[in-house]
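Trainee: Can we go through this one together? I would like to start with the terms and then move to the contacts.

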Amino acid sequence: MFLAGLIGLALVLLFGGMMVLARFAFHTENLFERLRGIPLFSGLYEGLALTMEAGWPIHYALGWGSLWGEAGGSALVALRAFQAIGQFAMRGDQPPDASSGDGLVYMLGSNVLNRLAREQYTAERWLDRMYVTGFHPWGYAAGTLAFPLARDTELALLLGHFGVEAGWMAEMAPRVFGATDDLVGQAVLYATCDEALVGEEVLAAGAYTRAGPAHGASLWAQDVMRWLLILVLFLGAPLYVVLVGGGG
Amino acid sequence: MRRSFPIAVAVGVGSIVLLTWFLPFPVLEGLRWMFLDWSVLLTGVALVMAFFYFLHTQWRLIRRRQNGWGYRILVVLAATGTFAWMMFDPTPRTASWMMTYVLIPGGVSLLGLLAVVLTYRGLWMVFQRGGGWGWLFFLTVGVVLAVDTFQATQGPLPWTSEVSGWLEGVVVRAGVRGLLLGMALGFVATGLRVLSGADRPFEE
């Protein structure tokens with residue numbers, strides 16, 4: 001038990017060490033240029049630019065997942081990407097709406113908006129644009145779906161924790177981009193959105209929105225760790241069969 | 001100081017909680033449970049505050065008379081009514097009644113409608129993105145699911161149960177494990193960014 005704990009800690013430290021290495025060994029731009037293309041992100045910025053040019057509103061849904069629990073990772077990434085996308089979206093005529101189904105995420109999202117507003121001197125336009133639209137998944141979906149009624153939302157980005165109710169939320173705008181850490185939600189979003197992220201791509205949103213050099217570095221470290229893991233699996237399986245004995 | 005203090009607290013507390021997962025020393029365990037208790041308390045406070053923010057924002061939208069303001073009046077009335085009811089009668093019976101007669105029927109009916117939406121969108125996806133292979137994939141999944149549902153209600157068929165069992169046990173499970181392993185790495189990376197102070201969602 002203690003040995004397993006030590007191995008786990010060593011792996012986390014190795015991961016952290018590789019993040020630090022990538023952060024200082026590579027130039028920030030190099031880290032971002034190494035990223036493979038994901039259609040959602042190229043389409044997102046193009047869609048944002050077109051929507052802003054036409055003067056239509058945008059909706060950013062942060063999901064109903066709490067920071068407290070498994071959904072915390074996607075909520076944190078959504079908040080960080082919100083900052084990067086918000087900075088871009090502030091150039092438009094229409095301030096975007098943002099929604100969350102969790103109290104803490106709502107407060108942190110408001111924080112992000114206030115900070116952006118102060119930095120860009122647009123406080124009066126950006127105030128009160130973050131909403132809690134419901135606390136239960138279905139309540140959150142229903143509350144968020146009421147926004148297009150009010151503002152003719154043209155583009156929506158669902159980034160955070162969503163389950164099967166994402167199928168409804170994908171109907172909230174003519175153009176919807178979706179990403180969640182929930183596997184069922186991912187399948188639903190893949191079928192219903194214009195573009196969707198699969199697997200751990202949602203957790204790479206910070207790097208793809210260029211939210212900071214640490215995001216590029218952590219994604220590089222993540223790729224190295226993935227290859228290590230694949231190597232361990234490929235070597236470990238035959239070793240297990242030889243040493244322990246395979247079969248039913 | 002105003003900027004660095006919250007970062008130092010987050011990094012310090014986060015590191016201690018992380019260490020306790022790997023090194024089960026009694027002193028660290030005690031600290032972990034203390035921090036977790038505090039965070040539960042803070043989450044509760046955040047929930048109550050979010051509820052009042054929720055009412056406040058709904059009320060503001062109603063006053064602006066935006067489209068959909070009638071719906072928002074209903075939402076405010078339902079939310080305050082439920083809150084008052086739960087305050088006066090905070091027994092499990094009340095919560096259970098709300099779950100059984102409001103939330104579950106509403107959720108189930110929405111799920112029923114969602115099945116229709118998903119079938120339509122699945123076909124749309126095949127037309128839009130699939131091409132020839134998309135059709136084949138969609139048909140294969142459809143046939144496997146139909147056979148599986150049939151088996152679940154009518155009993156196993158001679159050889160299809162082995163095929164669908166193999167598909168579920170090997171192909172699907174391998175795919176899901178691959179996705180989960182990738183996501184686990186992503187979660188570790190996200191946690192490490194917060195622990196290193198690179199991500200500071202709490203900073204204003």
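Mentor: A term to fix at the start: buried means under 20% relative accessible area, exposed means over 50%, and partly exposed is in between, with a 1.4 Å probe and protein chains only.

Trainee: And what kind of model is this, and how are things numbered?

Mentor: This is a predicted model, in which local features need pLDDT of at least 70 and side-chain atom pairs count only at pLDDT 80 or more, while totals for chains, interfaces and linings use all residues. Residues are numbered from 1 along each chain as its sequence is written, chains are lettered from A and ligands numbered from 1 in the order in which they are written, and side-chain values use heavy atoms, with hydrogens and water left out.

Trainee: Aromatics, then. How many aromatic pairs are there over all chains?

Mentor: The count comes to 14 over all chains. Rings of Phe, Tyr and Trp (its six-membered ring) pair if their centres lie within 6.5 Å; planes under 30 degrees apart count as stacked, over 60 as edge-to-face and the rest as tilted. One of the pairs is A:F2 with B:F25, tilted, at 6.1 Å centre to centre and 55 degrees between the planes.

Trainee: Where do A:F2 and B:F25 lie?

Mentor: The pair crosses between chains: A:F2 is in helix 1 of chain A, and B:F25 is in the loop between helix 1 (4-22) and helix 2 (26-63) of chain B. Helices are DSSP runs of H or I with at least four residues, numbered from the N terminus. A:F2 is partly exposed at a relative accessible area of 40%, and B:F25 is partly exposed with a value of 40%.

Trainee: What about B:F52 and B:F83?

Mentor: Those two rings are edge-to-face, 5.9 Å centre to centre with 75 degrees between the planes. B:F52 lies in helix 2 of chain B and B:F83 in helix 3 (residues 69-88) of chain B, so the pair ties together parts 31 residues apart in sequence. B:F51, B:F52 and B:F83 form one aromatic cluster.

Trainee: Switching to helix packing. How do helix 5 of chain A and helix 2 of chain B cross?

Mentor: The axes of helix 5 (residues 103-120) of chain A and helix 2 of chain B come within 7 Å and cross at roughly 70 degrees. Axes are lines fitted to C-alpha atoms, for helices over the stretch in contact, and angles run from 0 to 180 degrees between N-to-C directions. Helix 5 of chain A and helix 2 of chain B are therefore roughly perpendicular (65 to 115 degrees).

Trainee: Which residues make that contact?

Mentor: A:G103, A:L104, A:Y106 and A:M107 from helix 5 of chain A, and B:T43, B:A46, B:M49, B:A50 and B:Y53 from helix 2 of chain B. Contact means heavy atoms within 4.5 Å.

Trainee: Any single residues to look at? What is A:R210 like?

Mentor: A:R210 has a positive phi of about 55 degrees although it is not a glycine. Most residues other than glycine have a negative phi. A:R210 lies in the loop between helix 11 (205-208) and helix 12 (213-243) of chain A, and is partly exposed at 44% relative accessible area.

Trainee: Is A:Q186 buried or exposed?

Mentor: A:Q186 is buried, with a relative accessible area of 5%. A:Q186 lies in helix 10 (residues 183-192) of chain A. Leaving aside neighbours within four places in sequence, A:Q186 is in contact with A:T180, A:D181, A:L197, A:V198, A:G199 and B:M183.

How values were computed:
Helices (H or I, at least four residues) and strands (E, at least two) are DSSP runs, numbered from the N terminus. Angles under 35 degrees count as roughly parallel, over 145 as roughly antiparallel, 65 to 115 as roughly perpendicular and the rest as oblique.
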